[in-house]
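Student: I would like to learn how to read the contact between two chains. Could you take me through it?

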2 protein chains.
Amino acid sequence: MEFYAEPVENLVAELCRLPGIGPKSASRIAFYLMSVSAEEASALARAIQELKDRVSYCGVCFNVCEGELCRVCADERRDPSVICVVEEPRDLIAIERSARFAGRYHVLGGAISPIDGIGPDELRVRELLGRLEGGTVTEVVVATNPNTEGEATAIYLAQLLKPLGVKVTRIASGLPVGADLEYADEVTLGRAMDGRREL
Amino acid sequence: MEFYAEPVENLVAELCRLPGIGPKSASRIAFYLMSVSAEEASALARAIQELKDRVSYCGVCFNVCEGELCRVCADERRDPSVICVVEEPRDLIAIERSARFAGRYHVLGGAISPIDGIGPDELRVRELLGRLEGGTVTEVVVATNPNTEGEATAIYLAQLLKPLGVKVTRIASGLPVGADLEYADEVTLGRAMDGRREL
């Protein structure tokens with residue numbers, strides 16, 4: 001038996017597809033939307049539609065963007081000799097927030113994960129190789145996540161790109177700022193020790 | 001500086017208004033919507049719009065419904081002599097799921113909470129009194145939440161309705177099914193003891 005009116009059931013079902021939203025949060029959101037003004041709910045519906053209508057992927061680095069090129073690729077002050085490889089556009093944003101990288105990006109669209117059937121062909125590796133052809137790029141910083149898939153992708157890229165005469169680097173792994181040594185896991189601590197630098 | 005393309009920023013801002021959605025979940029959802037097909041994203045946008053266009057509140061009990069009357073109020077097999085008072089439509093759904101109540105409902109639209117400036121006038125108490133006028137109703141079951149606001153509302157309703165010759169009852173408070181006595185808080189255990197029944 002259906003308990004909610006059909007449009008409510010329908011919205012709950014649609015919301016449940018979203019990442020991190022289960023049936024309880026979905027019905028909470030649906031009832032919240034019932035309670036707000038028609039304009040506020042329409043603003044959300046419109047924002048979703050606009051996203052699909054106006055936003056696409058950058059033709060060069062596959063970051064999300066409006067138009068042909070993303071903000072980073074369109075910015076001529078960015079150093080074209082260094083490319084930072086990330087898994088997803090939000091990783092790119094995270095690095096942009098740190099304001100410590102002045103080069104260009106390349107969004108792979110994921111990481112190598114044989115279990116999920118994702119190999120190099122499912123990622124934008126070919127496009128990355130294409131960008132290295134001109135000889136402008138001298139360094140590729142691999143900023144995939146420091147987990148199994150991200151590490152595997154980093155190793156794969158290193159083996160693929162080094163023979164082309166490009167310097168391949170990996171972002172540092174170690175203790176996050178503000179962490180307690182006492183509670184750090186041994187793998188992270190080991191990495192922090194391996195990556196120690198002279199002060 | 002904005003990091004995302006404008007439509008992305010805009011959607012993230014709209015999603016952040018939803019209950020339980022912070023900036024991180026919002027951008028996760030936005031990027032998820034970027035990755036799905038245009039039809040799937042439009043289905044969500046449409047579901048939100050349909051909710052506002054088609055769903056309103058029942059003219060009798062203020063449950064959510066399509067049309068004039070909700071499913072419960074339109075169902076003539078439901079006992080009109082017992083009204084169960086709940087705070088929100090989703091509480092009504094929760095009770096319907098238990099399949100242990102065959103009467104009608106009344107949705108207050110919240111609970112008395114002086115701190116939030118919500119008194120009886122902000123709730124649908126007047127409408128409840130109106131429903132008691134015919135003399136058909138013999139019992140009002142107060143099923144507000146067993147927290148401070150819900151208890152205050154229950155006490156208020158009991159004082160208001162008892163002089164009208166209506167039996168006012170409160171849903172039982174005690175240990176949830178499957179709970180461990182050992183880990184129950186003392187207030188709940190005290191309630192469970194007070195409410196003990198002969199087997």
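**Reading the interface**

Tutor: Gladly. This is a predicted model, where local features need pLDDT of at least 70, side-chain atom pairs count only at pLDDT 80 or more, and totals for chains, interfaces and linings use all residues. Residues are numbered from 1 along each chain as its sequence is written, chains are lettered from A and ligands numbered from 1 in the order in which they are written, and side-chain values use heavy atoms, with hydrogens and water left out.

Student: How many salt bridges are found across the interface of chain A and chain B?

Tutor: A salt bridge is a side-chain nitrogen of Lys or Arg within 4 Å of a carboxyl oxygen of Asp or Glu. Here the rule finds 4 across the interface of chain A and chain B. One of them joins Glu6(B) to Arg54(A), with the closest N and O atoms 3.5 Å apart.

Student: How many residues does each chain bring to the contact?

Tutor: Contact means heavy atoms within 4.5 Å. Chain A gives 52 residues and chain B gives 52 residues.

Student: How is chain A laid on chain B?

Tutor: Copies are superposed by least squares on the C-alpha atoms of residues with pLDDT of at least 70 in both. A turn of 180° with a shift of 0.0 Å along the axis lays chain A on chain B with an RMSD of 0.1 Å. That is the relation of a two-fold axis. Among the residues of chain A, Ala45(A) comes closest to the rotation axis, its C-alpha at 2.1 Å. The same surface serves both copies, as 100% of the contact residues of chain A recur in chain B.
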